[in-house]
Amino acid sequence: MIRYILRRVVAAIPIGVIVTLGVYALVFAMPGDPLRELAGDKPIPAAVLAAKRAQFHLDDPFIVQYLLSMKDILTGNFGTTFAGADIADQLRLRIPVTLKLTLLANVFQWTFGLLFGIYAGFKRNGWIDRSLLLATLVLLAVPGLVAFFAAQFVFGVQLKWFPVSGVLDGFPTSYLLPSLVIGLLGFAGLARLMRTSIVETVNADFVKTARAKGLGEQRVLWRHILPNAMLPVVTFLGLDLAGMFGGAIITESIFNLPGLGQFMFQAIKLKEGGVVVLLSTLAFLSFILINLLVDLLYGILDPRVRHV
Amino acid sequence: MTATGEVLLKVDNLTVEFDTPRGPVRAVDGVSWQVRAGETLAILGESGSGKSVSTQALTGILEMPPGRIVSGTAEYRGADLIAMTTKERRKIVGDRITMVFQDSLSALNPVQSVGTQIAECYRVHRGLSKKDALKRAAEMLDQVRIPAAAKRARDYPHEFSGGMRQRVMLAMALALDPDVLIADEPTTALDVTVQAQILELIAELQAERDMGVVLITHDLGVVSDVADNVVVMYAGHVVERASTAAALDHPVHPYTEGLLGSMPSADLKGQELPTIPGTPPSLRSIPSGCAFRPRCPIAIEECAHDVPPLLTVAPGRDAACIRRTTLAEKEAV
Amino acid sequence: MGVALGLSLVLASCGGKSGGDSGSGDGAKSVTIAIAAEPLEYINPLNENGSPGIQVAMAMFAPLVTTDPNSGKLLNVMADSVTPDKTSQTWTIKLHPGNTFQNGQPLTAKDYVDSWNLTAQGSQAWKNNGFFSKIEGYEALNPETPEGATPKPTSVKALSGLKQVDDLTFTVKLKVPFSQFGLTLQYLGLAPLPEEIRKDPDAYKRKPIGNGPFKLAADWNAGDDIKLAKWDGYKGPLVPEASAITYRFIPNADTAYNEFLAGNLDFVDVPSTKVKTFKDDAPDKWVTSASSGANYLTIPAWDERYKNPKIRHAISMAIDRKAFADLVGLSVPAKALVSPDMDGYRADACKYCDFDVTKAKQLLAEAGGFSGPVNINYSTTSASGQVNAEAIGNMLRQNLGVEVKYTGKTGSEITELADKRKLDGLRFSGWGHDYPSIEDYLTPMFKSNGDANFAHYANPALDAVLAKGDAEPDPEKAIKLYQQAEDIALADMPLIPTFTKSNASLHSDKIEPRVSKFVGVSALWATFK
Amino acid sequence: MSDVTAVVSAEAQELGDGRTLSNRELLRALLRKPQFVLCSLILLGFFAMAAFPKLFTSADPRFCELGKSRQGRSDGHPFGFDIQGCDYFANVVYGARPSVLVSICASFGVFVLAGTFGLLAGYFPGAIDAVISRTADVLFSIPGLVVLIVILNSVPNRSIWIIVGVILLIGWPGGMRLMRATVFSVRNREYVLAAKSIGVPPVRILRKHVFPNAMAPLLAMTTLGIGGMVGLEAALTFLGVGLQPPSISWGSQFGVAASYRDTPHLFVWPALFISTMTISFMIIGDSIRDALDPKLMR
């Protein structure tokens, strides 16, 4: 087990290097002077610009800038943003926001997705199944942007069921509406996947064996069908969690949640290579970590691929 | 060979259809048979002949829909399994009537240890505690001659060899000491030597428990080795029903005859093995009249008119062939 | 100097953070004000030139002078008097006695001199450094630094033009005479810092010590809402009625607006996308200020194709300003280069700003037509950039018959390309004054190498008139000279005036914001009902 | 295999097993589904709109009178006017082309890329698989939207082809994984081994035997995802990196109109068109998958 984890971690290192290098190169190649964004239309005295340039190594060659950034990241010495914010502070404030949003959204997505997917798959072609398929089609067809704006206006502004934006009301109140919308949008795909997986498992021979053992339908479903049908769904979990980070940019912006997505978007707009790379590294690490966990979980769920 | 035990399971005029996008398809048509305590009944037929469907239908594990029982009864000690509620049936199926399937790798839940799967029978039907059930499961594994049973109970199906896995299946089926064991091609996927061991094991355990065994197979060799009586099925119909010895010695139906002919034997050494010409019909396009007609060497025009009735040609011997039944009656007279 | 409108647009459309109390009343006179921008990272007026930072500084710091919201005249706040010499080159500033910082230290001339010297040091890299470039000795603190090198702290630590006379008096000597200098002193970016902070600015960037009517109510972390409580030690004029203020940062302006509608804010600015609806969304809860600031279409000086003034006039006259202003909303067509609320504004200063398709076509024909498509640049970071660009583009295409294309870039990239004279085609620009003088429009934008010379425009004749105006101590005469400069600029037309926009704001039932035709709408000085 | 399956899905099994998968049979199965026919007709309508907008409107989408900005419907202007005072119906009709192009090209491109890489990775384990899979890992671990924003901010001119290109770049790894997994399950099937044993060159095996049998899941995923592309384009406009005028597309129309709540016709129409097209594609995708997959058919 330990060796397996170590091997995975070592294998991730070159990918991490390429990811960070690629992201840094992309940001570096973006046109425009990073410090210009700070100034707006106003002129900044040459001396001020020069001081900032030196502080952020902006005049060094690309590879030096990259290495310096990576050194800062690896030594945990994150420094400040161009605007002067302490990046470590920012992370301390923002990571919990994104985590709360992501986790709550996933709770909704997985609860709805699994329940409906399981039920629909098990009672295939029943009215719940049919209405579920229709509902998922509609949900998948609604652009996320529409859903976020509409939900904010209807449930926040008009009905006042949820806070409109921000995190003032704390967890979970402030996070409910955006999480629900993300969860609903993601639930459609998950429910369909779960349903398909259940449908495929329902016909398996071992399910017949279970029935031949005289087991009740509930027991057949929960003990025999589900653990097997979950396997493909679990692999989806990793990709899905990793994807949430990117998707949060729009959600965080519309609902004014000060999370990593907004930080990232801001850093891109300001061409802060260091911050973008730091956040990409975080995203990458969480991707690797989540995937490792998912693979380990998979191993627990499926003895056939157990990593010893 | 005796047929003296109590009749445990009696299937009468069972008809099963499937709904397909192109309309209903009759997979089992008016099938009747019975099995007594201590008896081994073989249901013989090619794949698609409806032999598995009939047993799956009466135990309620057939998927319905698309499957549908059109008519018929299946009485266990006088109680009709088909008419009773699912709940009532579950008290019998899995407890008094149990099943063993062909492909033990896919028939066992891949993500549960075999011990757990066997223990589940005790937990559900006997209400044993988890610990007791697991203990009994290990004992059961021991009974089916799995070495180091207590330890292996914790292993998963993929960690067993094919023969061992089939023993696990058997252990699971016999855990509750059933009256009837339905073994659906239990040895098909196994090597010949392993096959013999398993059949021997079934016979041994059967003798211990005075159990009725329904053995579904396409292998005439298996039938001749272990079965007391045999039911031959073709395209959803029972075409011949007899004691094994009688059927092997004097097959009445040309299909049975054909099967016998295609069995390798010492007599035919060095010769090309005869086969039944043609292929079994698709259930969607069963020929009119006798379904075997297109492949039958003695078919005549009348065979296309009606489905031949299953007629008694001798005590305990029935066959469905208008040519042979009439012939047999003449000879008998 | 000048708070560029472009900047506030950029800031208005960013993303961010919030925290604090809800706006609904809690007995005390507290008010929650939305700032549609990224939350502040620190509070230091000398290192702040964006409107969010200045807005917070306005509550926590007090300027030397300010504009009286009732009369529009200059009003002393921390100063007792601000007096120029005859040439307007050396200015003497006397402080009002008895003022202190929020830590109890008395406010002295030394605090001003030292704070300003600190800011003027290039190595400090504070954003208001540029303000001091007008003062004698600036270069010694800001030596030319080679590309890539860190500016070294200079041995000179003080501006030679800045002299403390006594505890309450100091003098400022400018490089050249400048009659409007007194007006510039109301800029909040010139606020004093107490000695404690000057010694170690970094340690105090989250716990500022001001001299204004409000102080931090509790510990504050970067990114949080800023909660202020009234400071009783403030002795200046114009004391706000509120006893507590919360500035809540909501980067998405539409979101801030929605928050207000949901009843969570006392005051919010109406974003550009809502100017058509705010009166229905919040009836009886809105105020508008008189139009202030000015917006332009900028013509690149470096592109030969646009060089002929007739082409520029043709473009100007092909624009239906009325329809365009209606599209923008809350706006009126602009036919002058300065804001309508300025002394010296002339409503019809521009001769080529009437909508006249025939005349426009004729001018274009006289200039020999235009080759190639007209490219219109718009900022993708501004909510209305693309809409405005398309409106102008459609009018040029349909009214002049020229082909039009569009390029969307981030605001900073457009500015940078323009700085390098590489931007192709027209772009939008806007300007709002820092101090109420038409000079604060003409010098930055039209003087050769002006701070905000968007078009890279240069005309020695205009420079000369401006210099005369700067040296003219009589305000009336100075304005006349500045108006001459405006006429020259309008004839050359490096910038085409488009519209001036009122600001609209929403306020909760419990407050009534202060509305002044001189300084606009203010929630800080709101009265409570 | 028990005869239950043999009986029930005799027909579907033929489809699913692949060897006898005939396009005509597939088409016949599809044409029997009314929802498939209806959605195909709707899509044909959209395609026609994209190809020949003049068939649908005689108005010039670029003739605008700012004075009519955001007016409601009137005679000859069934959808009213947009922000610029242009006829909105004409604009929505002309908006079909970029929207259809982006969604179709991006989806088809992702299908081709993911299919090719998935085939290669699944069929040639070892170096080729390692290179492809690790590249995919890299792209996976960067949030896609970040790549989109960064690249689209960098390019001088955001044409639909650039947007399609970037979507391709970040879109293929997902499909590749799916294809690779499917190929894994197919590559040791009898017919592949048989072809191999008689010396059929690998490319031909991939083309003739592996691909046709492994493409169904990817095809279904692609059709389900087509609609998302239009939604993605709207999101890009919201983030300030969408299509630039004078290109008109439903996504950018919606992105711009989202802020103007008081004139709902501005976002209702493009949203309606986007959703209709999306649902049509998804129903078609569902139908194809159902027809290809025997297990889901019942």
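**Exercise 1. Find out what the chain does over residues 9-30 of chain A, and what the record says about that span.**

Step 1. In this predicted model, residues 9-30 of chain A are 95% helix and 0% strand. The end C-alpha atoms of the span lie 31 Å apart.

Step 2. Turn to the record. An unreviewed UniProt entry lists residues 9-30 of chain A under "transmembrane region". Other spans listed there include 101-120 and 275-301.

Step 3. Take residues 275-301 of chain A. The chain here is 100% helix and 0% strand. Its end C-alpha atoms are 38 Å apart.

Step 4. Set these spans in the whole chain. Chain A has 12 helices and 0 strands.

**Exercise 2. Decide whether G273(A) is buried or exposed, and name its contacts away from its sequence neighbours.**

Step 1. Place the residue. G273(A) is in helix α12 of chain A, which covers residues 273-301.

Step 2. Count the surroundings. There are 25 other C-beta atoms within 10 Å of G273(A). The cut-off for buried is 20 or more. Therefore G273(A) is buried.

Step 3. List the contacts. Setting aside neighbours within four places in sequence, G273(A) touches Y24(A), V27(A), F28(A), Q65(A) and S69(A).

Step 4. Check one of them for distance. F28(A) is 245 residues from G273(A) in sequence. In space, C-alpha to C-alpha, the two are 6.6 Å apart.

Step 5. Widen the view. Of the contacts in chain A between residues at least 6 apart in sequence, 73% join residues at least 24 apart. Of its 308 residues, 53% count as buried.

**Exercise 3. Trace the open sheet of 8 strands in chain B from edge to edge.**

Step 1. Write the order: β6-β7-β8-β3-β9-β10-β12-β11. Pairing is mixed.

Step 2. Mark the edges. They are β6 (97-100) and β11 (311-314) of chain B, each paired on one side only. From one strand to the next, the twist averages 20°.

Step 3. Zoom in on one pair. β3 (residues 40-44) and β9 (residues 229-234) of chain B run parallel over 4 bridges. Within this pair, L41(B) stands opposite N229(B).

Step 4. Add a helix. Helix α7 (residues 162-174) of chain B packs on the sheet and touches β6 and β7 (180-184). Its direction makes about 175° with that of β6(B).

**Exercise 4. Sort out which chains touch.**

Step 1. Of the 5 pairs of chains that touch, A and C have the most contacts.

Step 2. Chains B and C do not touch. Their nearest C-alpha atoms are 47 Å apart.

Step 3. Chains D and C do meet, with 17 residues from chain D and 21 residues from chain C. The chain D side has 8 nonpolar, 7 polar and 2 charged residues.

Terms used
Residues are numbered from 1 along each chain as its sequence is written. Chains are lettered from A and ligands numbered from 1 in the order in which they are written. This is a predicted model: local features need pLDDT of at least 70, side-chain atom pairs count only at pLDDT 80 or more; totals for chains, interfaces and linings use all residues. Two residues are in contact if their C-beta atoms, placed from the backbone, lie within 7 Å. Ala, Val, Leu, Ile, Met, Phe, Trp, Tyr, Cys and Pro count as nonpolar, Asp, Glu, Lys and Arg as charged, and the others, Gly among them, as polar. Helices (H or I, at least four residues) and strands (E, at least two) are DSSP runs, numbered from the N terminus. A residue is buried if 20 or more other C-beta atoms lie within 10 Å of its own, exposed if 12 or fewer, and partly exposed in between; C-beta atoms are placed from the backbone. UniProt positions are given in the numbering used here, feature names are shortened, and annotations may be inferred rather than shown by experiment. Two strands pair if DSSP finds at least two bridges between them. Axes are lines fitted to C-alpha atoms, for helices over the stretch in contact, and angles run from 0 to 180 degrees between N-to-C directions.
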